[in-house]
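Colleague: I am new to this structure. Please take a close look at the surroundings of the bound molecules and tell me what lies around them.

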Amino acid sequence: MGAADDLLAQVRVQGAIPRHVAIIMDGNGRWARERRLPRPIGHRHGMKSVREVVEASIAAGVEVLSLFAFSQENWQRPAGEVSALMSLLEEYIQKEARELDEQGVRVVFLGDLDRLPAAQRGAVDRVMALTAHNTKLVLNLFISYGSRAELVRAARLIAEDVAAGRLAPDQVDEAALASRLFTVGCPDPDLLIRTSGEMRISNFLLWQLAYTELHISPVLWPDFGRAELYEAILDYQSRERRFGRVTA
Ligand code: IPE
Ligand code: IPE
Ligand code: MG
């Protein structure tokens, strides 16, 4: 048994498995810079980490894994880096779609997908359709995503329904808003991991993270793997979640 297997055994003994784990995958650029490599090489190595956390999540019994892959703000990076990331997205889908399907993973892309180039948009739509029937793990991949934009969109959808007489103003409640977010149907994240030591949310899931436990890992994303995921879950299992109440 390797170190990661030992940690998984501990996770199983120690307590409840988080149903929904969300990760802000950060530090690819710094990983490359430390090696005097171009930033896209860091992104490429990050794909291996995606593979590992998907497998590790299935092994642990996590139901939903949400990965922040490309933010709305990331469109403002240099054109060369954006196009390298877009190529990697297509390559990831081409390489992994079949295996994800065999593993029982339902792949869902969330964000402003209309901004994707045609080839990427086609690949995204194909893998979502291919895996739509799977039930082992929901893999939410956030691309061209910003949480404020998601909330504005939900507000606009509500306004349209009210204007059309389909919804009364006093029916606008938390459930009405949540049901108009991209994450409709998913439980809120139990655990949010951010890699590379950064202590901020960067416009990710502002509504959904209201009571999520936070784990900041110093490890850069390309070095993050099974063992690091299980360490984060062990940390989560040591927390006391109170949701504003007092402990019995
Ligand atoms: C995360 O790594 C990947 C994306 C945001 C697309 P970064 O590219 O942000 O890496 P750092 O933060 O510059 O090290
Ligand atoms: C957040 O990372 C977005 C993703 C991981 C996709 P960034 O590297 O873009 O965030 P900031 O700029 O450090 O806040
Ligand atoms: Mg970053």
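Modeller: In the side chain of Arg77, a polar atom lies 2.7 Å from an oxygen atom of ligand 1. The side chain of Arg30 also has a polar atom 2.7 Å from an oxygen atom of that ligand. From the backbone, a polar atom of Asn28 is 3.2 Å from an oxygen atom of ligand 1. Taken alone, ligand 1 exposes 380 Å², and the protein buries 86% of that. These are accessible areas from the Shrake-Rupley method with a 1.4 Å probe; for residues, only the protein chains shown count as cover.

The model is a predicted one: local features need pLDDT of at least 70 and side-chain atom pairs count only at pLDDT 80 or more, while totals for chains, interfaces and linings use all residues; side-chain values use heavy atoms, with hydrogens and water left out. Residues are numbered from 1 along each chain as its sequence is written, and chains are lettered from A and ligands numbered from 1 in the order in which they are written.

Ligand 1 has 13 residues around it, of which Asp26, Gly29, Arg30, Arg39 and Arg77 come nearest. A residue counts here if one of its heavy atoms lies within 4 Å. Asp26 and Arg77 are also among the residues around ligand 2, as are Ile24, Phe68, Asn74, Arg194 and Ser202.

Three side chains have polar atoms facing oxygen atoms of ligand 2. Asp26 has one at 3.2 Å. For Asn74, an N or O atom of the side chain is 2.9 Å away. For Ser202 the distance is 2.6 Å. Ligand 2 on its own exposes 390 Å², 77% of which the protein buries.

Ile24 leads to strand β1 (residues 20–24). Strands (E, at least two residues) and helices (H or I, at least four) are DSSP runs, numbered from the N terminus. Five of the five residues of β1 are buried, so the strand is largely enclosed by the rest of the structure. Buried means under 20% relative accessible area, exposed over 50%, and partly exposed in between, with a 1.4 Å probe and protein chains only. In a regular strand the side chains alternate between the two faces of the sheet. In β1, His20, Ala22 and Ile24 point one way, and Val21 and Ile23 point the other way.

β1 has partners in β2 and β5. Two strands pair if DSSP finds at least two bridges between them. With strand β2 (residues 64–71), β1 pairs in the parallel sense over five bridges, and His20 has Val64 as its bridge partner there. Strand β5 (residues 191–194) also runs parallel to β1, joined by four bridges; Val21 is bridged to Leu191.

Arg39, already met beside ligand 1, begins helix α3 (residues 39–60). The 22 residues of α3 should span 32 Å at 1.5 Å a residue, and the end C-alpha atoms are 32 Å apart, which agrees. The expected span is 1.5 Å times one less than the number of residues. Buried residues of α3 include Gly42, His43, Met47, Val50 and Ile58. Just after the helix, Gly61 takes a positive phi of about 90°.

Technical notes:
A polar contact is a pair of N or O atoms within 3.5 Å; within protein, one must be able to donate a hydrogen and the other to accept it, and residues adjacent in sequence count only if both atoms are side-chain atoms.
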